[in-house]
Protein chains: 2
Amino acid sequence: MNLTILGCHAATPKISAHPTAQVLEMKGHLFLIDCGEGTQVQLRKYKVKFSRVKHIFISHLHGDHFFGLPGLISTFHLMGREAEMHIYGPKGIKEAILLLLKLGKSRTKFPLYFHELEATSTQLIYEDEKVTVETIPLIHRVYTNGFLFKEKLGDRKLNIEAAKEANIDLSYYNKIKSGFDVENQDGKLIPNAQITFDPPTPKSYAFCSDTVYSPKMVPQISNTTVLYHESTFLNVHQELCVKTKHSTAKEAGMIAKDAQVGTLILGHYSGRYNNLELFRSEAKEFFDNVLLAEDGKVFQFK
Amino acid sequence: MNLTILGCHAATPKISAHPTAQVLEMKGHLFLIDCGEGTQVQLRKYKVKFSRVKHIFISHLHGDHFFGLPGLISTFHLMGREAEMHIYGPKGIKEAILLLLKLGKSRTKFPLYFHELEATSTQLIYEDEKVTVETIPLIHRVYTNGFLFKEKLGDRKLNIEAAKEANIDLSYYNKIKSGFDVENQDGKLIPNAQITFDPPTPKSYAFCSDTVYSPKMVPQISNTTVLYHESTFLNVHQELCVKTKHSTAKEAGMIAKDAQVGTLILGHYSGRYNNLELFRSEAKEFFDNVLLAEDGKVFQFK
């Protein structure tokens, strides 16, 4: 599981402060999460292969989280894309994108599917053999969802040495991987655990931006491997959080602590701060394992 | 008259190839012409004062010419802008911008006026004491206008020495500036030309992008000081111009020659070419004074 931060700054884009966009690599997928203005240039800069992006998740319809989407879709079209593209975002996103394409007399040659969201409770919005994605209802000035990406528990791994020793017929391979006990060639039932290794622990990633401090999310994101939680402000500006429905680094740290996540990544910094280390130290008072998002940074979670 | 090129490349934005946007400084105005994705960052990079931009002209509704506009308007709002903003562009632009603002539950606190265009013949769309702006109907895949910015002929300049010598009462100052002959203090009529200098020759700027080769524009832009004409392709790819309704550098040179403009600036280059000097040499076969647009370049016309 890798996370590439394309942009992690609040509000207006600047030369070296890009609005929210990130790419989560999970089980062979490249999931694009949010798409602020300039995301397509950031994708190029950090050498993310456009054709591998097939699912885009938009948290909410503020410009710094989705004004890069029309241009990205146009570029996919100009590059001759043929693969499907799925877009998950608040109701209204389809009308906006289709209007912009229509005004330019453009249409996409590739299949473009919109999955519009309007539920205020969590929803499973994507599932395949290896991963699930569900919404995390957030509280912001407009309808907003975070997203929880979860790897599924994989197959058990065959312990070839042990299987040989137990005299197992390997035509049972699929049954063994799935966790069943099987009879060996002497007719003896061999417990699955004797001839397999545990699969890797599934990883999970929760993206929570933008949101006011919202402890209601804690049960859902409990024990998540990595939590990205917005921290637009420091505690000294807590009153701005109330007004703009954002969080402080302290509040992000409190959520991480209560949810007992593995790692907390902070981001969505307001432009008023020069020293981002202040965000880390503020959150660390509540939760130890804090990382700071930076444009272009790649986090690897082994 | 100064022209700052913020972006001059066709189609998809890249790290060092920005889509169309430019700022024309004329008689105290900063006119923004087109607004591809990333324009607000380019404005910051080249230190254009946001508050001085009060008129934005959009040629057509292809993404590389206007997908930066929603973000720019949002940023004006976030920066607390109060000054009026006027947007001139094809019919539909208002619906698009207002929909995007509505989805983000945003509204602009500053007065935002849309001047939607749908005429297919030239129209005067802006006029004040010092300048006029008219549309130049272009031929492209969608409804498109170029823009012709013209300084008005200024007042005559008083020749103080000559006026003293002719014994003129300077309370006639405004009459003299306006070109009238006046009586001197001995009652003798003094010809205006004897006591004034000619005003500077008015300058003009024609922006013509995107368009197929269209000699129909020649009479309107005849003798323009500076012509920016798109040259998406070189002549070797002329067949692509027919298909995509763009021009070659050769065709831009022919228009400049026929219109007897002062200077031709080429831009809107396709990404397929590495050596932009080929554009210059191709146009130069028809017209001598050819400049090449480059992102960040400032042209000064004294």
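This is a short walk through the structure above, stop by stop. Keep in mind that you are looking at a predicted model.

Let's begin with the overall layout of chain A. It is divided into two domains: domain 1 takes in residues 2-154 + 200-300, and domain 2 takes in 157-197. If you take the centres over C-alpha atoms, domain 1 of chain A and domain 2 of chain A are 43 Å apart.

Now head for a spot that a database record points out. In an unreviewed entry, UniProt lists A:Asp64, A:His65, A:Asp210 and A:His268 under "binding site". These residues span 205 residues in sequence, yet no two of their C-alpha atoms are more than 10.6 Å apart, so they gather at one spot.

Take A:Asp64 from that group. UniProt also gives A:Asp64 the feature "active site", again in an unreviewed entry. You'll find A:Asp64 in helix 2 of chain A, which covers residues 63-66. Is A:Asp64 buried or exposed? Its relative accessible area is 13%, and buried means under 20%, so A:Asp64 counts as buried. Setting aside residues up to four places away in sequence, A:Asp64 touches A:Ala10, A:Ala11, A:Pro19, A:Thr20, A:Gly36 and A:His268. With A:Ala11 there is a polar link too: the side chain of A:Asp64 reaches the backbone nitrogen of A:Ala11 at 3.1 Å.

A:Asp210 is another member of the listed group. This one sits in a loop, between strand 14 and helix 8 of chain A. A:Asp210 is buried, with a relative accessible area of 2%. Its contacts beyond four places in sequence include several histidines, namely A:His60, A:His65, A:His140, A:His246 and A:His268. The list also holds A:Leu138, A:Ile139, A:Thr144 and A:Glu230. As for A:His140, its side chain makes a polar contact with the side chain of A:Asp210, at 3.4 Å.

Next, have a look at two helices of chain A. Helix 3 runs over residues 69-78, and 8 of its 10 residues are buried, so the rest of the structure largely encloses this helix. The buried ones are A:Leu69, A:Pro70, A:Gly71, A:Leu72, A:Ile73, A:Ser74, A:Thr75 and A:Phe76. After helix 3 of chain A comes A:Gly80, which has a positive phi, near 80°. A:Phe76 has a charged partner as well: A:Arg81 lies over the face of A:Phe76, at 4.6 Å from the ring centre. From A:Ile73 you can hop across to A:Arg107, since the C-alpha atoms of these two are separated by 9.7 Å while the residues are 34 apart along the chain. A:Arg107 belongs to the loop between helix 4 and strand 6 of chain A. With 57% relative accessibility, A:Arg107 counts as exposed.

Helix 10 of chain A covers residues 249-259, and its buried residues include A:Ala249, A:Glu251, A:Ile255 and A:Ala259. What do the buried residues of helix 10 of chain A pack against? The answer is helix 8, strand 15, helix 9, strand 16 and helix 11 of chain A. Helix 10 of chain A is followed by A:Gln260, with a positive phi near 50°.

Time for some rings. Over all chains, the structure holds 28 aromatic pairs. One of them joins A:Phe207 and A:Tyr228: their ring centres are 5.4 Å apart and their planes meet at 5°, so the pair is stacked. Since A:Phe207 lies in strand 14 of chain A and A:Tyr228 in strand 15 of chain A, the pair ties together parts that are 21 residues apart in sequence. A:Phe207 is buried at 0% relative accessibility, and A:Tyr228 is buried at 0% as well. Over in chain B, B:Phe207 and B:Tyr228 form a stacked pair too, at 5.4 Å centre to centre with 5° between the planes. Back in chain A, one aromatic cluster is made up of A:Phe31, A:Phe57, A:Tyr88, A:Tyr126, A:Phe147, A:Phe149 and A:Tyr205.

Let's finish in chain B. The charged end of B:Arg81 sits over the ring of B:Phe110, 5.5 Å from its centre. B:Thr132 is found in strand 8 of chain B. B:Thr132 is buried, with a relative accessible area of 11%. Leaving out neighbours within four places in sequence, its contacts include B:Leu124, B:Tyr126, B:Phe149 and B:Lys152.

Methods
Residues numbered from 1 in each chain as written. Chains lettered and ligands numbered in written order. Predicted model: local features only at pLDDT ≥ 70, side-chain atom pairs only at ≥ 80, totals over all residues. Heavy atoms only, no water. Helix = DSSP H or I, 4+ residues; strand = E, 2+ residues; numbered from the N terminus. Buried < 20%, exposed > 50% of the residue type's maximum accessible area, 1.4 Å probe, protein only. Contact = heavy atoms within 4.5 Å. Domains from an automatic or database assignment. Phe/Tyr/Trp six-rings, centres within 6.5 Å; stacked < 30°, edge-to-face > 60°. Lys NZ or Arg CZ within 6 Å of the ring centre and 35° of its normal. UniProt positions renumbered as here; feature names shortened; annotations may be inferred. Polar contact = N/O pair within 3.5 Å; in protein donor to acceptor, adjacent residues only side chain to side chain.
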